[in-house]
Amino acid sequence: PLFRSAVSDTGGSIRQPAAFCGVTGLKPTYGRVSRYGLVAFASSLDQIGPIAKNAQDCAWILNAVAGFDPHDGTSSKRPVEDYTAKLGKDIKGLKIAIPKEFYTEGIDEDVRNAVMQAAKTYEKMGAELVECSMPSLKYAVAAYYLIASAEASSNLSRYDGIKYGHRSKVGDTFQELICNSRSEGFGSEVKRRILLGNYALSSGYYDAYYGKAMALKQRISAEYAHIFETCDVILTPTTPSVAYGVHENVSDPVKMYQADICTVTVNIASLPAISTPCGYNADGMPIGMSIVGKQFDEATILQVADAFEQQFQTAVPVLK
């Protein structure tokens, strides 16, 4: 049976679950799909997209949901194309960039090998592999969490139990009602990000943290633009490792944040990306790879993902 859903991706929340589950997830260009009705986390990063069985299903879903929406001020008026038009077409001659920073320390060997094997498959199909560099990647997670947390602290301030959100039954004063409502309604991770965001935006720290993060956002966007001057798409791992246990990394927020290293730059630069399965580790756990494209070039990354999916056996290997 087909598996289809639409979710939001702020720093990888479409692509990472897709990679962990062995399915395909598409994060469109910022503004390609309306965010009207979405609970805003980080308004400059959030984007809605599909998780589905394969790239073909993602293309059909994007055809249905893409387009301008007057209810969303960030929605693009750019015309919507047929995202199924390139599916099945030859990728011979396409240039696929391989940024070396995505394949170094911190990426599990099984993941690295599976993605590089996929790159060789593309090469056999006639694509050209181009080695390149993205020096700012090592700063990306820090920049992302400063920007996202700052925007979250602002967006979530409306959930006070009066205008929006959970309303506490405890509290005799206005201030107590708000405090108790937010204390009860937000989980520990949400509270952590609100505190981080408020700190980054506070007087005396704004320039040192948020200002630098925004400057890095421009630098990351420029590095992507430089790669796309000579290449059509970029190939990276989706996650540094395969899926981990439900409670395995919860007690270590820094480790959890570092797991976003392969996905957050796409949101920072407002680019489209698709994650599709490319292998399995020795335990049969799926491994995902991401194909990143130019702004509003979803058709090409869907084409490239579909081309690999036609060659890749998605059945989990029988373990001895």
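**Exercise 1. A tyrosine and its patch**

In which helix is Tyr-199 found? Then describe the surface around this residue in the predicted model.

*Solution.*
Step 1. Tyr-199 belongs to helix α6, which covers residues 188-201.
Step 2. The relative accessible area of Tyr-199 is 39%. Partly exposed covers the range between under 20% (buried) and over 50% (exposed), so Tyr-199 is partly exposed.
Step 3. Tyr-199, Tyr-205 and Tyr-209 make a nonpolar surface patch of about 280 Å².

**Exercise 2. Salt bridges in helix α6**

Work out how Glu-189, Arg-192 and Arg-193 are linked.

*Solution.*
Step 1. Begin with the pair Glu-189 and Arg-192, whose side chains meet in a salt bridge at 2.2 Å, N to O. The two residues are 3 apart in helix α6, so about one helical turn separates them.
Step 2. Take Arg-193 next: its salt bridge with Glu-189 has the closest N and O atoms 2.8 Å apart. These two residues also lie in helix α6, 4 residues apart, about one turn of the helix.
Step 3. Glu-189 takes part in both pairs, and the three residues are linked in a network of salt bridges.
Step 4. Add the accessibilities. Glu-189 is partly exposed at 27%, and Arg-192 is partly exposed at 33%. Arg-193, at 17%, counts as buried.

**Exercise 3. A pair outside that network**

The structure holds 5 salt bridges. Describe the one between Asp-160 and Lys-163, and state whether each partner is buried or exposed.

*Solution.*
Step 1. The closest N and O atoms of Asp-160 and Lys-163 are 2.7 Å apart. A salt bridge requires a side-chain nitrogen of Lys or Arg within 4 Å of a carboxyl oxygen of Asp or Glu, so the pair counts as one.
Step 2. Asp-160 has 8% relative accessibility and is buried.
Step 3. Lys-163 has 55% relative accessibility and is exposed.
Step 4. As background, side chains of opposite charge can pair when their charged atoms come close.

**Exercise 4. A charged patch**

Which residues gather with Asp-108 in a patch of negative charge, and where is Asp-108 found?

*Solution.*
Step 1. Glu-109, Asp-110 and Asp-283 gather with Asp-108 in this patch on the surface.
Step 2. Asp-108 sits in the loop between β4 (95-99) and α3 (109-124).
Step 3. With 37% relative accessibility, Asp-108 is partly exposed.

**Exercise 5. Positive phi angles**

Locate Ser-270 and Phe-296, and give their phi values.

*Solution.*
Step 1. Ser-270 has a positive phi, near 60°, and is a residue other than glycine. Its place is in the loop between α9 (264-268) and β7 (273-280). At 15% relative accessible area, Ser-270 is buried.
Step 2. Phe-296 is not a glycine either, and its phi is positive at about 65°. Phe-296 is placed in the loop between β8 (286-292) and α10 (298-309). Its relative accessibility of 14% makes Phe-296 buried.

**Exercise 6. The whole chain**

How does the radius of gyration of the chain relate to that of a compact globule with 320 residues?

*Solution.*
Step 1. Count the elements: the chain has 10 helices and 8 strands.
Step 2. For 320 residues, a compact globule would have a radius of gyration near 20 Å. The chain has 20 Å, which agrees.
Step 3. Along its principal axes, the C-alpha trace spans about 70 × 45 × 45 Å.
Step 4. Of the 320 residues, 51% are buried.

Key. Residues are numbered from 1 along each chain as its sequence is written. This is a predicted model: local features need pLDDT of at least 70, side-chain atom pairs count only at pLDDT 80 or more; totals for chains, interfaces and linings use all residues. Side-chain values use heavy atoms; hydrogens and water are left out. Patches are made of residues with over 30% relative accessible area and no salt bridge: like charges are joined within 9 Å, nonpolar side chains (Val, Leu, Ile, Met, Phe, Trp, Tyr) within 5 Å. Accessible areas come from the Shrake-Rupley method with a 1.4 Å probe; for residues, only the protein chains shown count as cover. Lys and Arg count as positive and Asp and Glu as negative; His and the chain ends are not counted. The place of a charge is taken as NZ of Lys, CZ of Arg, CG of Asp or CD of Glu. Buried means under 20% relative accessible area, exposed over 50%, partly exposed in between (1.4 Å probe, protein chains only). The radius of gyration is taken over C-alpha atoms; the globule rule is 2.2 Å times the number of residues to the power 0.38.
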